[in-house]
Amino acid sequence: MTINIFQRRRAIAEIATQKGHQTLAQIAQALGISQTSVWQHQTARQSTVSTPVSEFWASAAGMGYLIRVVVAVFYYFGITAVFI
């Protein structure tokens, strides 16, 4: 099963809230990912908790909004080439 980073972050958060305190090994085994990935996602989540707006950008609604803004900028300014 292949999941993207946003789905993985959400899955880790859901397991942590539904089943209470678990070790990194238990969460990693439940999701089928490495313990270091679980640790990285948990530390990233803890660092973003201090900023209330970051929860919006990490959600599906925030990602959808960001995509709409980028598409609107491309449409409005007529950007047709990608500059590297």
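**View 1. A nonpolar patch on the surface of the predicted model.** Val53, Phe56, Trp57, Tyr65, Leu66, Val69, Val70, Val73, Phe74, Tyr76, Phe77 and Ile79 together make a nonpolar surface patch of about 1100 Å². Helix H4 (52-58) and helix H5 (60-77) are the elements that give two or more residues to it, and H5 gives the most, with eight. Patch residues have over 30% relative accessible area and no salt bridge, and their nonpolar side chains (Val, Leu, Ile, Met, Phe, Trp, Tyr) are joined within 5 Å. A salt bridge here is a side-chain nitrogen of Lys or Arg within 4 Å of a carboxyl oxygen of Asp or Glu. Areas come from the Shrake-Rupley method with a 1.4 Å probe, and for residues only the protein chains shown count as cover. Helices are DSSP runs (H or I, at least four residues), numbered from the N terminus.

**View 2. Leu66, a patch member in helix H5.** Leu66 counts as partly exposed because its relative accessibility is 39% (buried is under 20%, exposed over 50%, partly exposed in between).

**View 3. The two sides of helix H3.** Look for Ser37, Val38 and His41, the buried residues of H3. Seen down the helix axis, they fall within an arc of 100° (taken from the directions from the axis to the C-beta atoms), so they line one face of H3. Their cover includes helix H1 (5-18) and helix H2 (24-31), where contact means heavy atoms within 4.5 Å. On the other side of H3, Thr36, Trp39, Gln40 and Gln46 are exposed.

**Notes.** Residues are numbered from 1 along each chain as its sequence is written. In this predicted model, local features need pLDDT of at least 70, side-chain atom pairs count only at pLDDT 80 or more, and totals for chains, interfaces and linings use all residues, while side-chain values use heavy atoms, leaving out hydrogens and water.

Definitions and conventions:
Buried means under 20% relative accessible area, exposed over 50%, partly exposed in between (1.4 Å probe, protein chains only). Patches are made of residues with over 30% relative accessible area and no salt bridge: like charges are joined within 9 Å, nonpolar side chains (Val, Leu, Ile, Met, Phe, Trp, Tyr) within 5 Å.
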